[in-house]
Amino acid sequence: MLIASALSALLALALLGVLAGGEMWRHRVVYFCCGLASLVLLAGGLKHLGTTPGTGPEVVLPIGLPWMQAHFRLDNLSALFMVVVNLSTAAASFYGIGYCSHLPEPRRVTPFFPLFLFGMNAVLIADDAFMFLVSWEFMSLASWLLVLADHKKPENRSAAMIYLMMATFGTFCLLTCFGLLAGAEGGYSFPAMRKATLDSTAGFLVVALALLGAGSKAGLVPLHAWLPLAHPAAPSHVSALMSGVMTKVALYGLIRILFDLHGQVPWGWGPAIMVIGGVTAVLGVLYAVLQDDLKTLLAYSTVENIGVVMIGLGLAIAFKGSGENMLAALALVAGLYHIVNHSIFKTLLFLSAGAVITATGHRDLGRLGGLLKRMPWTGAATLVGAAAIAALPPLNGFVSEWLIFQSLFKGPSLPHWAMKFGVPVVGAMLALAAALAAACFVRAFGIAFLGRPRSREAAEAHQLPYSMRLPMAALAALCIVLGAMPVTVTDALSGVVFPLTGVHFAVSSDLGWPWLSPVSSTRGSYSGTVLVMVGLGLFAVTILLVHGFGTTRVRRADAWDCGHPEDIPESQYTGQSFAQPLRRVFCSSLFGARETVRMPEPGDMAPASLKVRLIDPIWVYLYLGIGRVVDFIADRVNRMQFLTVRRYLLMMFATLVFMLLVVAVRQQK
Amino acid sequence: MAISQISYELAHLIGATVLMAGFQLLYQRRLFAVLNTFAFQAVALAAAAAWQAHIQDAPHLYVTAVIALVFKAMIVPFALHWLVEKLGIQRSVETAMSIGWTMMAGVGLVALSILLVLPVTANAAALTRESLALAMSVVLLGLLMMITRRNAVSQVVGFMALENGLILAAVSAKGMPLVVEISIAFSVLVAMTLFGIFFFRIRERFDTLDLHDLETWRGDRQ
Amino acid sequence: MNSLLSQIAQIFLVVALAPLITGWVRLVKSRLNGRIGASPLQPYRDIYRLLQKEAVVAHSASWVFRAAPYVTFAAVWLAAAIIPTFTTDIVLAPAADLIALVALLAVARFWTALAGMDVGTSFGGLGASREMMIASLAEPAMLMVSFSLSLISGTTSPAHIIGFILGGGIGIEVSMGLALAALVMVAIAENGRIPIDNPATHLELTMVHEAMVLEYSGRHLALMEGAGMVRLTLFMALIGGIFAPWGIATPGAGTAGLALGLGGFLAKCFVLATALAVFETMIAKMRVFRYADFLGGALLLGLLATIFLYVSEAV
């Protein structure tokens, strides 16, 4: 009931957003109320997450098509994603209170923001295919309108266009997928779909279509092309939601179909999904490490993290398909944990990018620098987020990667050769992605927040209002808490995976509370809690020892200039120069990275230049290829506009005869 | 059983050293380093043969070991060394594929040979399977080296490495007659001599040993 | 109770021993170079002297620069506290496994790299960027080594791996050989030794680790150098513990067992330190862009170690 009223409140807020007009305080009220509604939904999700697993209460509303009613249900999986979604939306909404006045056209954002929140929440509680798809489209279109908020820039318009195409494609795939799931009887409610039996062809198609449909929304390679264009184009608090949360809603759809509606996905999909995940993770982070635009970098990093989650989901499918339900539960818990974590730190980092853009007006790393001193709060929160996304202990990102590694290491115990040989390769990819993510965020944080300012605006950056800083601080605190108390999280998740795998997963089986030890205590264990305590202890001892034995005197001086007294900030390493070794090592053959250096002749005062050219192989070979084929066909079809009447008649006649033939052949069978 | 277990494990470890030397061959960028690595691989091969002679109690394998040590670890590398200096061949290895990719392809080939060996020898003991997988990987790595190197000298080394793999397989399987080994060894020597003459001829004619350059002289390209 | 005492002893042992090992490596290297060399106790004196000096901090440095030495040192110290040195019976053994160990070292690297970038000179950035490139290959290689060790022994916890090997769980495995080779290559890279990096260099363009800590002085420098020494000890304990576990005391060992473990650990450290010094003397430093081949090789060796287990039916 509470949830229903919060959702209707969101719809009402959208209306208010339209009426807000030019008065800034009205926008602020809308955002504040959005935040309250999100908190209510968050509480509802948390409350349900604590209850025993089972099918939740069903609500039937007499809306939609006349012969179909709208079914809603909140079960544990929905409740978990409701928590994930509304944690971030609450932070983004409160952030919006301060941020909306910095937007060029707040009127283009405020009405659609509550709609976007409504769409995402409605997807989660939909209990029939019709409502699911309607809400899904709601979410897509609302976010599309938000991408178009700054529609004066041509690149935003083209990003929105590509996004719209991909969203349509995704919905089409999901529509077909649900059609197959409904089976011959056409039961569009989820309970009916669970009962329907699928033959092997239909089962195969369902998985493939779900991967295409939900995967295109989540940003799986090679369907990721729209994501780094569209996510950064939206205002930052919306980017945070698109990257941090909307991709999770897509993963919710995938999990719902693969683990719940589709009874038994064969194990062979497991290695396939893992390889897709591994490639997505490595390519995503390689793109990310080369980006100069802060928000594009974060968007590519989302692609990477989706790949990491997919590795966990693929493992869970392989284990479940082979009857290893306990290990399937472990892999699924790992994947879900990473979903929770990524939604938190990605939202945090996008909000921080928004803060940087607000304070300096720049999103190019080459114009930032030294912001930690000007914006200590934002800087500290970003540092926590960067360390968490780089999977450093004791923060939350590490725990989920640790769990994924633990379940990966059990992969070769399956009797399939594809797993035995595939798992080490995927493991290497995951490890590579994790290490590159650390490099990527050392670069992003180091260039933007450390060093000396690279532009006047960065040197004069100003502190932001509390409404923008507090949500970031809250999210940073969550990164620490979820990392330091992993067992609490896995216990909550075990109730979610029970209906999906059929086993109760107790991750802290035999060592007791603070020890995270999947499978068994001798298998390998981790304790964020103990690490934090001992780490802090050793930190304190270090300080005591150093200050006890030595002096605490500090002298401020100029930095060592190596004999070049001309002290200009341009002499610092830039984002491009930081990325150069990685670019040479990983990208020269993968992306065809080429550098051209133009050195003026001695005596010529023209500046030297270094140009880097990258080719995105997926864009060039896949999308442009498809584009060319479409162009070619369109060209051919175009000629049909200039036929004579007789030929048109001929075509209609031929079509008619063909259809009749088809009917005749079908009847013969 | 315990003692023979350990002796088999040692045999595999030596076999793995031969394989590692095969990877080293792919990794080296200097011609002389390639030759040294090849000599090292031959020494490891000789050790493998001698160890097999010891555990199988087959004295003829000692002959194999000596042949490997003398011909492949000494004469062939020295001869190639001399040739390289004599002909003034460029000392760096020209690769047709970057070293990283070559090594990844190498790991792929090892995985492939393991996959191939496993079902074929499903009934054999794990001990034979391991040696067979090792030997086959060495053969495939030799082939890979021949494909991905442009310089004729490194191609010859690739060929010899391939042949090392064959001998490794032969010594690990029981009952391979000595005659076969000797004939292989001599065929290699003959091949070596032929290659030597061939190098001189190519060089006189075209002034290079880079096979890429030779391609332009093929009849159908003109 | 015993495990708690052993743990506390180990925590202080690694820190107390680390400068001696570094001093020994330096001494052997100087002897091999034909110099007399400083006493192996010299690093203790160096660190004490650095602690007495005032710390010079650049105007442009932020709090990250001043916090980094403490965080780096504490992270490396924590990692070293978890690897069994003389006994596997330590309280913290279940707190982190090999994966967490890799990540703890990554924490140290993350902060050192940030500190390098904090002052805003080109050398700090250069060092940080190269260090992250090296780590991007060395970390996965070490994780692949953990993977094959976990497949062999069924656990990722170093204490349990050592217990498994001591219990005669495996003989001489090809995979173990490959894993050892990969781990040694990683250790060379992680500790910034030749051929990846030269710990004694003072030419800025060839530096990696030294470039990151170029701005440090006084106690901050002492901590950074100390962290490097503890890291070296950590890797020696890891390599010596897993690939030559003999002598390490297991739960239930008496005082004699602990003493034997301690003696064994010291012996292993000095053998490995001497081997390192000989190796470093024999070999020249690589060009920066050859690192990728070297560490990529380590990664592939780790992968091979895993794959080879299927032939020997260890899985």
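When the angle between two axes is over 145 degrees, the pair counts as roughly antiparallel, and I begin with that cut-off because several helix pairs in this predicted model are described by it.

Let me take a pair within chain A to begin with. The axes of helix α13(A), residues 325–360, and helix α19(A), residues 466–484, cross at roughly 150° and come within 9 Å, and α13(A) and α19(A) are therefore roughly antiparallel to each other. The crossing of these two helices is left-handed. On the α13(A) side the contact includes A:Asn341, A:Ile344, A:Phe345 and A:Leu348, while on the α19(A) side A:Met468, A:Pro471, A:Met472 and A:Leu475 are among the residues that meet them. Sorted by class, this contact holds 13 nonpolar and three polar residues, with no charged ones.

Chain C offers another pair of this kind. Helix α7(C), residues 174–190, packs with α9(C) at an angle of about 175°, the two axes being 10 Å apart, and so α7(C) and α9(C) are likewise roughly antiparallel. Here C:Met176, C:Leu180, C:Leu183, C:Val184, C:Ala187 and C:Glu190 of α7(C) come up against C:Arg231, C:Phe235, C:Ile239 and C:Phe243 of α9(C). In this contact there are eight nonpolar residues and two charged ones, and no polar residues.

Now I turn to the place where chains A and C meet. The contact draws 69 residues from chain A and 71 from chain C. On the chain C side, the elements that each supply at least two residues are α2, β1, α3, α4, α5, α9 and α11, and of these α5(C) gives the most, with 18 residues. The side of chain C that touches chain A divides into 46 nonpolar, 17 polar and eight charged residues.

Which helix of chain C packs against α17(A) at an angle of about 160°? The partner of α17(A), residues 417–449, is α11(C), residues 291–311, and their axes lie 10 Å apart. That angle makes α17(A) roughly antiparallel to α11(C), and the crossing between them is right-handed. The residues that make the contact are A:Lys420, A:Phe421, A:Pro424 and A:Ala428 from α17(A), together with C:Leu299, C:Leu303, C:Thr306, C:Ile307 and C:Tyr310 from α11(C). By class, seven of these residues are nonpolar, one is polar and one is charged.

The two chains are also joined through strands. Strand β3(A), residues 554–557, pairs with β1(C) in the parallel sense over four bridges, and within that pairing the bridge partner of A:Val554 in β1(C) is C:Ala55.

Following chain A onward from β3(A), we come to A:Pro569, which sits in the loop between β3 and α22 of that chain. Is A:Pro569 buried or partly exposed? A residue needs 20 or more other C-beta atoms within 10 Å to count as buried, and exposed residues have 12 or fewer; A:Pro569 has 16 such atoms around it, and so it is partly exposed. Leaving aside residues up to four places away in sequence, A:Pro569 touches A:Gly369, A:Arg452, A:Pro453 and A:Arg454, and also C:Gly120 from the other chain. As for A:Ala43, it lies 526 residues from A:Pro569 in sequence, and the two are 48 Å apart in space, C-alpha to C-alpha.

Still in chain A, there is a strand pair to set beside that parallel one. Strand β4(A), residues 594–598, and strand β5(A), residues 609–613, pair in the antiparallel sense over five bridges. In this pairing A:Arg594 stands opposite A:Arg613, and A:Arg598 has A:Ser609 as its bridge partner. Of the five residues of β4(A) the number buried is zero, so this strand lies largely in the open, and β5(A) is hardly covered either, since none of its five residues is buried. As a general point, side chains in a regular strand alternate between the two faces of the sheet.

I will close with chain B. Its secondary structure comes to eight helices and zero strands, so that along the sequence the pattern reads α-α-α-α-α-α-α-α. Of its 222 residues, 43% count as buried. Among the contacts in chain B with a separation of 6 or more, 70% are between residues 24 or more positions apart.

Notes. Residues are numbered from 1 along each chain as its sequence is written. Chains are lettered from A and ligands numbered from 1 in the order in which they are written. This is a predicted model: local features need pLDDT of at least 70, side-chain atom pairs count only at pLDDT 80 or more; totals for chains, interfaces and linings use all residues. Axes are lines fitted to C-alpha atoms, for helices over the stretch in contact, and angles run from 0 to 180 degrees between N-to-C directions. Angles under 35 degrees count as roughly parallel, over 145 as roughly antiparallel, 65 to 115 as roughly perpendicular and the rest as oblique. A crossing is left-handed if the near helix is turned anticlockwise from the far one by less than a right angle, and right-handed if clockwise. Two residues are in contact if their C-beta atoms, placed from the backbone, lie within 7 Å. Ala, Val, Leu, Ile, Met, Phe, Trp, Tyr, Cys and Pro count as nonpolar, Asp, Glu, Lys and Arg as charged, and the others, Gly among them, as polar. Two strands pair if DSSP finds at least two bridges between them.
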